[in-house]
Amino acid sequence: MSLPTPLPTITLTNPDAESLVYLNGAHLARWHPTGQNDVLFMSAASNFAAGKAIRGGVPIIFPWFGAREGYPQSPAHGFARTMPWNVINCDKRPDGACALTLELVSSNLTRETWPYDFALRFTIAAEKTLTMTLTVTNTGAVPFRFEEALHTYLAIGDIRNASITGLAGVTYIDKVDGFKRKQQGPEPIVITGETDRVYLATQAECTVNDPVWGRKIVVAKENSDATVVWNPWIAKAKAMGDFGDDEWPGMVCVETCNVADHAVTLEPGKTHAMTARIEVR
Ligand code: BG6
């Protein structure tokens, strides 16, 4: 699928992979190793407009995840995904690849909603392996607490034939069952309905097994203590204006994050870095 470009984009042409980044949200919308199907799902119904979230790819979630507690007027998943970021570096690697770094710093606009000073940097090294690092620096004088996620939409042949391993025995918050805490069994996760789970206290690598496209997508991570697994299934897909009614079988989100119990407290002058590493096998 060719992606619309009414917004500024950067194409990274590396020897082993192709990728496309929107400056709106520092949003990686495409990445796949040369010769592979897209690894990141993008909705054909997505908005591509300044100030709007893009549906698919890797939205950056900061400084809160989901609904902001106590602030019903605040946008879901924070403001980082809908703001324009600046390119600050393109680091050329010896193999000809480049790692792109984008930045978003606090401003009067962000302080109106969230009264802290910060600098976010997002580095994308989109090669045969995709490595993404989000760093958060507290540039203010007081500590702050934040949640963050690399809300990665993975493209798969058919969710009804896929499974996810890596989360056996892990406790999760089931957002579609009153936020009850449950424990994942030993068997691979098979998705059979709307699924919206925050897996807690897990640094584990996850694998999405996709027999339809004959591949496995492996998501490894560093400094991330939670993993979210999400598929909207039929009714929620229909209810979302920026998601095609029939697109739900072709995606699953496996999100590298620090959310809920794992929100991070950052002291002034300190930096926190979280990395997701994605590979196709
Ligand atoms: C997931 C959340 O990370 O993102 C879900 O756990 C949410 O609850 C989904 O529905 C999509 O969120 P949004 O704001 O992009 O529609």
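1. Let me start with H151, which is buried in this predicted model. Its relative accessible area is 5%, and a residue counts as buried when that value is under 20%. H151 is found in a loop, with β10 (148–150) on one side and β11 (153–155) on the other.

2. The surroundings of H151 are worth a look on your screen. Setting aside neighbours within four places in sequence, H151 is in contact with G57, V58, P59, I61, H77, W230, C253 and E255. With E255, the side chain of H151 makes a polar contact, side chain to side chain, at 3.4 Å.

3. Now to the ligand. The residues around the ligand are R55, F65, A76, H77, R81, H151, K175, D196, V228, W230, K236 and E255. H151 thus appears again here, and so do H77, W230 and E255, each of which is also a contact of H151.

4. Three side chains deserve a closer check against ligand oxygens. For D196, an N or O atom of the side chain is 2.5 Å from an oxygen atom of the ligand. For H151, the corresponding separation is 2.8 Å, and for H77 a polar side-chain atom lies 3.1 Å from a ligand oxygen. On its own the ligand has 400 Å² of accessible area, and the protein covers 86% of that.

5. On to the nonpolar interior. The largest nonpolar core has 69 residues, and W31, W85 and L154 have the most contacts inside it. Strand β7 (residues 118–126) gives the most to this core, with 5 residues. Another core, of 10 residues, lies apart from it; I61, A149, V198 and C257 are among its members. You will recognise I61 as one of the contacts of H151.

6. W85 makes a good place to centre the view. Leaving out residues up to four places away in sequence, W85 touches L23, G25, A26, I60, A80, L102, E103, L104, L120, R121, F122 and L134.

7. For the strands, I would begin with β21 (residues 271–280), which is joined to β8 (residues 130–138) by 8 bridges, the two running antiparallel. T133 has T275 as its bridge partner in β21. Strand β17 (residues 215–222) also pairs with β21 in the antiparallel sense, over 6 bridges; here V219 stands opposite I278.

8. Towards the start of the chain, β1 (residues 9–14) and β2 (residues 17–22) form an antiparallel pair with 6 bridges. The two are joined by a hairpin through 2 residues, and T11 stands opposite L20 of β2.

9. Last, a friendly question: is D225 buried, partly exposed or exposed? At 28% relative accessibility, D225 counts as partly exposed, because that class lies between the 20% limit for buried and the 50% limit for exposed. D225 lies in the loop between β17 and β18 (226–231). Not counting residues up to four places away in sequence, D225 touches Y199, L200, A201, T202, Q203, C257, N258 and H262. The side chains of D225 and Q203 are joined by a polar contact of 2.9 Å. C257, one of the residues D225 touches, is also among the members of the core of 10 residues. As for E267, it is 42 residues from D225 along the chain, and their C-alpha atoms are separated by 19 Å.

Terms used:
Residues are numbered from 1 along each chain as its sequence is written. This is a predicted model: local features need pLDDT of at least 70, side-chain atom pairs count only at pLDDT 80 or more; totals for chains, interfaces and linings use all residues. Side-chain values use heavy atoms; hydrogens and water are left out. Helices (H or I, at least four residues) and strands (E, at least two) are DSSP runs, numbered from the N terminus. Buried means under 20% relative accessible area, exposed over 50%, partly exposed in between (1.4 Å probe, protein chains only). A polar contact is a pair of N or O atoms within 3.5 Å; within protein, one must be able to donate a hydrogen and the other to accept it, and residues adjacent in sequence count only if both atoms are side-chain atoms. Contact means heavy atoms within 4.5 Å. Two strands pair if DSSP finds at least two bridges between them. A nonpolar core is a set of buried Ala, Val, Leu, Ile, Met, Phe, Trp, Tyr and Cys residues joined through side-chain atoms within 4.5 Å. A residue is near a molecule or strand if one of its heavy atoms lies within 4 Å of it. Accessible areas come from the Shrake-Rupley method with a 1.4 Å probe; for residues, only the protein chains shown count as cover.
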